[in-house]
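I opened this structure to look up contacts between its chains and within them. My entries follow in the order in which I made them.

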Protein chains: 2
Amino acid sequence: MSIKRRILSEAEKEALAQFVAPENAASAQEILAQYGQDHTEDLCFLAEILLKPARLEELQAIVRYCWENEIPITPRGAGTGLAGGALPVAGGVLLSMENFNQIVEIDEENLQVTVEAGVITEELQNTLAEKGLYYPPDPASRGWSFIGGNIATNAGGPRALKYGVVKDYVLNLQLVLADGSVIWTGANTLKNSTGFNLTQLIVGSEGCLGIVVRAVLRLIPLPSKRLLMLAPFRSAEGACAAVSAIFRAGITPSALEFMERAAIDRAIEYMGGSPLPVPEETAAQLIIEVDGHYLEPLYADCEKIQEVLDQFDCIELLFADNEEQQRQIWQSRRNVGQAVKSHSIYKEEDTVVPRAKLPQLLAGVKEIGAKYGFSSICYGHAGDGNLHVNIIKGQLSEDAWQNELPKGIREIFELTTSLGGTISGEHGIGLVQRPYMDIAFAPTALQLLKNIKTSFDPKGILNPYKVL
Amino acid sequence: MSIKRRILSEAEKEALAQFVAPENAASAQEILAQYGQDHTEDLCFLAEILLKPARLEELQAIVRYCWENEIPITPRGAGTGLAGGALPVAGGVLLSMENFNQIVEIDEENLQVTVEAGVITEELQNTLAEKGLYYPPDPASRGWSFIGGNIATNAGGPRALKYGVVKDYVLNLQLVLADGSVIWTGANTLKNSTGFNLTQLIVGSEGCLGIVVRAVLRLIPLPSKRLLMLAPFRSAEGACAAVSAIFRAGITPSALEFMERAAIDRAIEYMGGSPLPVPEETAAQLIIEVDGHYLEPLYADCEKIQEVLDQFDCIELLFADNEEQQRQIWQSRRNVGQAVKSHSIYKEEDTVVPRAKLPQLLAGVKEIGAKYGFSSICYGHAGDGNLHVNIIKGQLSEDAWQNELPKGIREIFELTTSLGGTISGEHGIGLVQRPYMDIAFAPTALQLLKNIKTSFDPKGILNPYKVL
C-alpha cells in the first residue's frame with residue numbers, strides 16, 4: 001500500500017530542487033526539523049528535501065519526477081494537524097503548499113470563491129466578511145491552518161453544528177494526481193449528479209489520493225446578528241444531556257460547545273483570567289451561540305434555550321454583553337488545546353457519537369481512564385457529538401504511556417463505535433489513529449478503502465503510512 | 001467495464017427464484033415489460049427475471065449467485081428515474097427494492113432516521129412531519145420515488161436550494177457489494193473524518209458500486225411557517241437575472257423555481273386551470289418560497305424580495321393566500337414534466353450551471369434549438385442554476401430525432417460546462433446521458449471513475465452500461 005522509506009541520492013535532490021526557485025528548496029537539517037513536526041504530540045520526522053513550489057507547473061514537475069522515481073511525497077499545509085497527517089514519515093519529499101496562497105476569485109454573483117490550497121482559513125473568512133459573505137468552517141486552528149489542510153481532514157469547528165463541515169462547502173477541486181497529471185473533480189454548481197462524486201471522495205482523504213491545488217467553495221450570506229451565552233452546570237452529565245434537549249426543542253444554535261471543569265481551568269490559567277465569573281460549583285459549561293439576520297427571533301430562541309436549561313443542572317445562563325466579551329469567550333474555548341499542551345505531554349482523541357450519546361461517552365471515557373490510570377480533559381463540539389479527549393501523560397510511566405495507553409484508547413474507540421459513532425470527527429486519521437482503523441471499518445470496507453487508494457496511487461507515493 | 005448481455009438458462013432462473021418467496025419472482029413477459037421501463041422517454045428493456053427480495057439475506061444470496069455466475073444485476077427503486085438508470089439493458093436480474101419498505105427507527109433524540117431503501121420519499125416526510133421533523137429533499141417524483149433511488153441519483157428538488165440535496169442528509173449506508181458481502185459505509189454522526197468518504201462516494205453512484213439497503217439520514221426541525229409567492233415576468237431573461245439578485249440581497253429562499261411560458265401553459269392545460277391568474281404578457285414566472293420558525297422575518301424577507309424584483313422585468317408579485325393555493329401552485333410546478341410528456345415525445349436534459357449563468361444558458365439552449373430545428377420547454381430549480389430542458393419531438397423526423405438531435409444535446413452540454421456547470425444536476429447519468437460523459441470529465445478523470453468502478457465491481461455485474 002505505502003512505498004518504503006526512501007533515501008534520496010544527491011543527484012535526485014539536485015534534480016528535484018531544480019523544479020523550484022532556489023529559495024523554495026531546502027535540505028538543511030534545522031529546516032527539515034522545523035518542517036518535520038505538526039501539532040501532533042511531540043512527534044518529528046525528517047524528510048530528505050523540502051520543496052515549496054509556487055506554480056502549478058512546478059508542482060506537477062515535482063510529482064511527475066517522484067512518480068517516475070518512486071519517491072514518497074508528503075503534502076503539507078500549515079502543519080496544524082492533530083493526527084500527524086503532514087509528518088514525512090517515509091522521508092522523501094516534503095511538499096509545502098505555502099506558496100499557493102492566493103484568493104483567486106470571489107464570485108459575488110454566484111456566492112462562490114476560488115482559492116489556492118495555501119490560503120489561511122481566517123484570512124479568507126475576513127476577506128469575505130468585508131463583502132458580507134461567509135465561509136463557515138472554523139477549526140480552532142483557523143488563524144494558521146490552510147484551506148487545503150482543512151479540505152484534507154474535512155475539518156469542522158464550532159459552527160459546523162448549524163452550517164456543516166468543509167465537505168458541505170467544497171464544490172470543485174483542482175487536483176494533481178500521483179503521476180503529475182491534473183484534473184478538476186467536479187463542477188462549480190450547487191447540485192451535481194454527474195458520475196461518482198470525486199470531489200467528496202477527495203475531501204477528507206488527507207493527501208493520500210491526490211494533492212489539492214485549488215478549491216471552488218460555496219459561500220452564504222454572512223449572518224449579521226449573534227448572541228452568545230455561557231451556561232455553567234453542576235454536573236458534566238447534565239450539561240451533555242441538555243445538548244440534545246436544545247435541538248429537540250426545535251432550536252439549531254450556531255455553536256454549542258462543551259468544556260469540563262478542568263478544561264475551563266486550563267484555559268483561564270493560559271489566558272490569565274476568565275471573561276465571565278465561573279461559579280464555584282461548576283462541573284462543566286456549555287457555550288451556546290445563536291445567529292441570524294434578525295435579532296427578534298434570536299431573543300425568542302434564547303428564551304426557549306433558558307426554558308430547556310432550567311430542566312437540567314444549569315446554575316445560571318450568562319449573556320456575553322458585548323463583542324469583546326464574545327471574543328474572549330471564544331478565545332478561551334479555542335485555546336484549550338494549546339493550554340493543555342503547554343501543561344503536559346498529551347494525546348488528543350477526536351471522538352464523535354450521535355449527540356444524545358454524549359453523556360454515555362463522557363462517563364465511559366472517565367471509566368476507561370480509571371481502569372488504565374490516566375486522567376483526561378474533555379471538551380468539544382457537543383452539538384455535533386464531537387468530544388475531544390485530551391489524555392494527560394502526567395505521572396504515567398513511559399512504558400505505560402507507550403504500551404498500555406493504546407489499549408485504553410482502543411477501548412475508547414470501541415465505545416464510540418458501539419454508540420453509533422466513529423474514531424475521528426474532524427481531525428482525520430493521519431499517522432496516529434491509523435492503528436485503530438479496524439475499529440471503524442469491517443475488513444471488507446477497509447479493503448475497499450485500500451482498493452480506492454491503489455486505483456488513485458498504484459505506486460503508493462502520496463502521503464505514505466497515513467490513513468491506511 | 002460492463003458485463004455482456006446475458007441469457008439465463010432455465011436452471012439459473014430457477015436457482016435465482018429459489019432465493020425469494022414465490023410471489024417475489026417473475027419471468028412472465030408482461031411483468032418484465034411493466035418493470036422494463038422507468039420515466040425516461042419511451043424506453044423499455046426486458047430483464048430475464050424480476051426478483052423482489054424481502055430480507056437482507058435473500059438479497060445477499062441473489063447477489064452472491066450473480067457474482068459467481070457473472071449475471072448482470074440492475075437494481076430498481078420505484079422506476080421514476082429520468083436517465084434510464086433502472087433499465088435492465090443487459091438483461092439478467094432486475095432487482096426491485098420495493099419490499100424493503102420499512103422506516104426502521106426514528107431517533108428523535110439525535111434527529112436521525114434509519115430507513116430501508118424502498119420507503120417512498122413523501123411517506124417518510126409525512127411520518128416525520130407528525131413528529132415535527134423534516135427531511136428536506138423533495139424531487140418532483142417524491143410521491144412515488146424511493147429513498148434508495150433518491151440516494152442513487154443524489155436527488156434534489158425545489159428545497160435543495162436552502163436545505164441541500166440528498167448527499168447533505170445521508171450519514172451512513174448499509175450496502176451490499178458486488179460479491180454479496182455487506183458493509184456500513186460510515187457512522188451515524190454529523191461529522192466524520194475517518195478514512196475516505198465511502199458514504200459520499202456511494203450517494204449518486206446509481207447502483208454501479210453497490211446496492212443500498214438501509215440509510216441513516218440526518219433530520220432537522222420542521223419549519224412551521226411558509227410564505228409562497230408567484231412572480232410573472234415580461235422576459236425569461238429578466239426572471240433568470242432576478243434569481244441571483246435575490247441571493248445577493250442576502251436572502252436564501254427555501255425554493256426559487258423558474259417556469260417559462262410554455263411550461264406554465266402546459267401545466268395549466270394538464271391541471272385544467274391555474275391557481276392564480278397569469279397576466280397576458282407573462283414570458284416566464286418565478287415561484288418563490290421562504291420558510292422558517294417565525295413569521296416576522298419572513299415578511300421582512302418578502303419585502304426585500306419585492307424591492308429586488310422591482311429592478312427587473314417583474315409584472316407583479318402575487319402571494320398565495322392560503323394553504324390550498326400554495327398546494328396548487330406547487331402541484332402545477334411538479335406536474336410540468338408529466339404535462340409535457342403527455343403532449344409529445346420528449347427528451348429531458350438536466351442542465352446545471354452557477355446560478356448567475358442561467359440567462360446565458362437559457363439563451364444558448366434556444367439558439368441551439370433554432371440551429372437544430374427543435375423546440376424546448378424550460379423550467380427548473382433556478383436558485384440552484386438547475387434548468388430542466390424538455391426537448392419536444394413535435395414535427396422532427398425520426399432521423400433528425402435519432403441522429404441530429406444528439407449533436408444539439410452535445411452542444412447544450414458543452415455550453416453548460418463552458419459556463420462552469422455540468423451535464424446533470426439531479427437526475428443522474430444512467431443510460432441516456434452516458435454518451436456525453438466526455439464533456440463533463442477529462443479522460444484522466446474518466447479513467448479514475450472507471451478505476452473506482454473496477455475496484456468495487458471487478459466483474460462489472462452491477463447496473464451494467466450505466467454512468468460509464
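**Salt bridges across the interface.** I looked for salt bridges between chain B and chain A and found 6 of them. This is a predicted model, so I treat every value here as computed. One salt bridge that I looked up joins B:K191 to A:E426, with the closest N and O atoms 2.8 Å apart. I then turned to polar contacts across the interface of chain B and chain A, and noted 32 residue pairs, both residues being at pLDDT 80 or more. On the side of chain B that touches chain A, I listed the helices that each supply at least two residues: α7 (198-202), α8 (236-248), α10 (295-310), α15 (437-440) and α16 (443-456) of chain B. Of the elements on that side, α16(B) gives the most, with 9 residues.

**Extent of the interface.** How many residues does the contact take from each chain? I noted 82 residues from chain B and 82 residues from chain A. The size of an interface is often given as the accessible area lost when the parts come together. For chain B and chain A I wrote down a buried area of about 6300 Å², with 63% of it given by carbon and sulfur atoms. In chain B, the residues that lose the most area to chain A are B:K191, B:S193 and B:F196, and together they make up 15% of what that side buries.

**A:T189.** I next looked up a single residue of chain A. A:T189 sits in the loop between β9 (182-184) and α7 (198-202) of chain A. Is A:T189 buried or exposed? I entered A:T189 as buried because its relative accessible area is 4%, under the 20% cut-off. Leaving out residues up to four places away in sequence, I found that A:T189 touches A:L171 in chain A, and B:V352, B:V353, B:P354, B:G420, B:G421 and B:T422 in chain B. A polar atom of the A:T189 side chain lies 2.7 Å from the backbone oxygen of A:K191. I also noted the C-alpha distance from A:T189 to A:V216, which is 9.5 Å, with their places 27 residues apart in sequence.

**Salt bridges over all chains.** My count over all chains came to 56 salt bridges. In chain A, I looked at A:E108 and A:K131, whose closest N and O atoms are 3.7 Å apart. A:E108 is in the loop between β5 (103-107) and β6 (112-116), A:K131 is in the loop between α4 (121-129) and β7, and the two are 23 residues apart. I entered both as partly exposed, A:E108 with a relative accessible area of 36% and A:K131 at 40%.

In chain B, I looked at B:R333 and B:E257, which form a salt bridge with the closest N and O atoms 2.6 Å apart. B:R333 is in helix α11 (residues 323-334) and B:E257 is in strand β13 (residues 255-260), so this pair ties together parts that are 76 residues apart in sequence. Here I entered both partners as buried, B:R333 with a relative accessible area of 4% and B:E257 at 0%.

I also looked up B:K393 and B:E398, whose side chains meet in a salt bridge at 2.4 Å, N to O. B:K393 is buried at 14% relative accessible area, while B:E398 is partly exposed at 42%. Salt bridges with shared partners also join A:D138, A:R159, A:R226, A:E289 and A:R334 into one network.

**A:R142.** I found A:R142 in the loop between β7 (133-134) and α5 (147-153) of chain A. The A:R142 side chain makes a polar contact with the side chain of A:Q125 at 3.4 Å. Setting aside neighbours within four places in sequence, I listed the contacts of A:R142 as A:I120, A:T121, A:E122, A:Q125, A:R159 and A:R334.

**Rings.** How many aromatic pairs are there over all chains? I counted 8 aromatic pairs. One of them is A:F413 with A:Y436, edge-to-face, at 5.2 Å centre to centre and 65 degrees between the planes. A:F413 lies in helix α14 (residues 398-418) and A:Y436 in the loop between α14 and α15 (437-440) of chain A, 23 residues apart. I noted both A:F413 and A:Y436 as buried.

My last entries concern charges over rings. A:R355 lies over the face of A:F247, 3.5 Å from the ring centre. A:K459 lies over the face of A:W67, at 4.3 Å from the ring centre.

Key. Residues numbered from 1 in each chain as written. Chains lettered and ligands numbered in written order. Predicted model: local features only at pLDDT ≥ 70, side-chain atom pairs only at ≥ 80, totals over all residues. Heavy atoms only, no water. Helix = DSSP H or I, 4+ residues; strand = E, 2+ residues; numbered from the N terminus. Polar contact = N/O pair within 3.5 Å; in protein donor to acceptor, adjacent residues only side chain to side chain. Contact = heavy atoms within 4.5 Å. Phe/Tyr/Trp six-rings, centres within 6.5 Å; stacked < 30°, edge-to-face > 60°. Buried < 20%, exposed > 50% of the residue type's maximum accessible area, 1.4 Å probe, protein only. Lys NZ or Arg CZ within 6 Å of the ring centre and 35° of its normal. Buried area = accessible area lost by both parts, 1.4 Å probe. Salt bridge = Lys/Arg side-chain N within 4 Å of Asp/Glu carboxyl O.
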